Amino acid sequence: MKLFGFRIPMMASLVLWALVWEIVGRMDVIFLIPPMSSIISAGFGLVATGSWQSASLVTVRSFVLGMALAIAVGVPLGIAMGRFRIVDNIFGLWVNMFVSAPLSALVPILMILFGLGETTVVVTVFLFAVWIIVLDARAGVMQVPPSLIEMGRSYGASRFTIFTKIILLSALPEILAGIRIGLIRGVKGVVIGQILVSIIGYGELFELYSRSFDMERFWALTMILFAAAMLLSAVVEHFEKRIEYYAGAR
Amino acid sequence: MANPRLAPTAHPSGAASPDVIVEVRDICKHYNDVEALRDINLDFERGKLTTLLGPSGCGKTTLLKIIAGLVPATSGQIRINGKTVTGPGPERAFVFQDFALMPWATVLRNVAFGLELKGVPQAERNRTARHYIREVGLSGFEEKYPHELSGGMRQRVGIARAFSVNADVLLLDEPFSAVDEQNRRKFQEDLLQLVEKERKTFLFVTHSIEEAVYVSDRIVLLSPRPGRVSQIIEPAIDRSAAPDVIRRDKSYLDVVEEIWQGLRQYAE
């Protein structure tokens, strides 16, 4: 970006906002907004505490488990829906319903089903992430050009070979896009799940800090989460771009 | 038929002569209630380039795909080298209208893909693929991806792939329809050279009369709805002449005119 002929670095707007935040914080307008500098120093302090480290460990564990489950279930289910009409008819309505449903409302029910612990959070992550993964995998498989499949057949490929060498690879960009959006939704899932369960991981910390009006730490934790979600998304996007490059001609 | 160089032949039927490679017998095709093809009987001679020509909706692509074994016929038989076939086989190779290249694979891998599916070891299939990449004029593009090539170059990849599997019969479904006009002409000239060099049987589908007359030994005119063989024309054109001479040749222009007169009744 350029302004009056000067190059403005990418993070400039962030710096500007941090500056405004700092000024508002220093003015002591409202206790909700402590100065940015004290939030950052609280952040460094927070990272060093045992409670943050163990909370992070629990959070990452729930997230990884839930996502692994969502990918392991979502990708094959989406592919099956794209390939077989009957599977599509059975699951189509449910997947479309859940993909736009406010899933947070289901978490209390999950708490009854799975107890106030990590299992509920894992299931929440799974439910947040899985539907979009299913839908994108399905879309990817369905838009494989028919002539590519005919090409495989005309050169003598078996059904299995056509599936592994043509359909899967052709659908890969969409499958990865689904996983990326699934990851972002999964981050929401892990936070919402933990906050509602509120006795484990970051949920416990959020609960603790907001009750004790420890706004520095509260904001520090929020920012760490935001940064982690963005970083995760960027990593997948980078990987996705390389795949898109190969599939760029579609 | 005033022009003696046009030699319309009767619908071939009965016993096939020894050098007939593809026999089409009583082929009918229905799509639900729509009759796409009715009683098609054709023989294709070894080493010749035959064009299926007709207005859109005459079922020419359907007929080609039935011969390829990609689409089942409602009734009738296809015989290749005297044997009845029901599906795709190694003696036929198909060139697709939309190229059907794998966007994630390099030119080399795309060209070698037919051999890869046959289980040919990598070193050997790459050698064959490189040979045909050179033949179609794409040397230096082996490691490029399809989206880095123009439409004409992409179809050259499709043709190199079809040559690589060393099939007896090459089936080309409107191979140049997605290629722009200048490249199309160059491509037609190159195709004739390849036909000369490779000595294979070509079945070519097009809706361009000029293209058909320019490249074909024999033109099968199909009439639409349902598709039937309406006329067979053998343009006796001296192909040893330069391309530009051929395109101004009297007999070439006469055949084009003759076919247009046959087809104009179907034009809206």
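**Exercise 1. A hairpin in chain B**

How many bridges join strand β9 of chain B to strand β10 of chain B, and in which sense do the strands run?

*Solution.* Keep in mind that this is a predicted model.
- Step 1: find the two strands. In chain B, β9 covers residues 218-223 and β10 covers residues 228-233.
- Step 2: count the bridges. There are five, and the strands run antiparallel.
- Step 3: pick a pair to check. L222(B) sits opposite V229(B) of β10(B).
- Step 4: look at the turn. The hairpin of β9(B) and β10(B) has four residues between its strands, and R225(B) takes a positive phi near 40° there.

**Exercise 2. The sheet around that hairpin**

Work out the strand order of the six-stranded open sheet in chain B, and say which strands are at its edges.

*Solution.*
- Step 1: lay out the order. In chain B it reads β6-β7-β8-β3-β9-β10, with mixed pairing.
- Step 2: find the edges. β6 (92-95) and β10 of chain B each pair on one side only.
- Step 3: get the turn between neighbours. Ignoring direction, neighbouring strands of this sheet are turned by 20° against each other on average.
- Step 4: inspect a parallel pair. Strand β7 (residues 169-173) and strand β8 (residues 201-206) of chain B pair in the parallel sense, over five bridges. Within this pair, L170(B) faces F202(B) of β8(B).

A quick reminder on what the two senses share: strands of a sheet pair through backbone hydrogen bonds, whether parallel or antiparallel.

**Exercise 3. The four-stranded sheet**

Trace the other open sheet of chain B, the one built from four strands, from one edge to the other.

*Solution.*
- Step 1: write down the order. It goes β2-β1-β4-β5 in chain B, and the pairing is antiparallel. The edge strands are β2 (34-45) and β5 (83-85) of chain B, each pairing on one side only. From one strand to the next, the twist averages 25°.
- Step 2: take β2(B) with β1(B). Strand β1 (residues 20-31) of chain B pairs with β2(B) in the antiparallel sense over eight bridges. Here V20(B) stands opposite E45(B) of β2(B).
- Step 3: move on to β4(B). β1(B) and β4(B) are antiparallel too, over five bridges, and E23(B) is opposite R79(B) of β4(B).
- Step 4: finish at β5(B). Three bridges join β4(B) to β5(B), again antiparallel, and I80(B) has K83(B) as its bridge partner. These two strands form a hairpin with two residues between them, and N81(B) in the turn has a positive phi of about 50°.

**Exercise 4. Two helices in contact**

At what angle do helices α2 and α4 of chain B pack, and how far apart are their axes?

*Solution.*
- Step 1: identify the helices. In chain B, α2 is residues 107-117 and α4 is residues 151-164.
- Step 2: read off the geometry. The angle is about 35°, and the axes are 7 Å apart. α2(B) passes α4(B) in a right-handed crossing.
- Step 3: list who meets whom. From α2(B) come V107(B), N110(B), V111(B), A112(B), F113(B), G114(B) and L115(B); from α4(B) come V157(B), A160(B), R161(B) and S164(B).
- Step 4: sort the contact by class. The residues divide into seven nonpolar, three polar and one charged.

**Exercise 5. Where the chains meet**

Describe the contact between chain A and chain B from the side of chain A.

*Solution.*
- Step 1: count residues. 16 residues of chain A are in contact with 19 residues of chain B.
- Step 2: find the contributing helices. α7 (146-154) and α8 (159-197) of chain A each supply at least two residues of that side. The largest share, six residues, comes from α7(A).
- Step 3: classify. This side of chain A has eight nonpolar, five polar and three charged residues.

**Exercise 6. Annotated regions**

Compile the helix and strand content of the two regions that UniProt annotates as domains, one per chain.

*Solution.*
- Step 1: chain A. The unreviewed UniProt entry places "domain: ABC transmembrane type-1" at residues 56-236. Over that stretch of chain A the chain is 87% helix and 0% strand, with end C-alpha atoms 21 Å apart.
- Step 2: chain B. UniProt, again in an unreviewed entry, lists residues 22-249 for "domain: ABC transporter". That stretch of chain B is 35% helix and 28% strand, and its end C-alpha atoms are 31 Å apart.

Note on methods:
Residues are numbered from 1 along each chain as its sequence is written. Chains are lettered from A and ligands numbered from 1 in the order in which they are written. This is a predicted model: local features need pLDDT of at least 70, side-chain atom pairs count only at pLDDT 80 or more; totals for chains, interfaces and linings use all residues. Two strands pair if DSSP finds at least two bridges between them. Axes are lines fitted to C-alpha atoms, for helices over the stretch in contact, and angles run from 0 to 180 degrees between N-to-C directions. UniProt positions are given in the numbering used here, feature names are shortened, and annotations may be inferred rather than shown by experiment. A crossing is left-handed if the near helix is turned anticlockwise from the far one by less than a right angle, and right-handed if clockwise. Two residues are in contact if their C-beta atoms, placed from the backbone, lie within 7 Å. Ala, Val, Leu, Ile, Met, Phe, Trp, Tyr, Cys and Pro count as nonpolar, Asp, Glu, Lys and Arg as charged, and the others, Gly among them, as polar.
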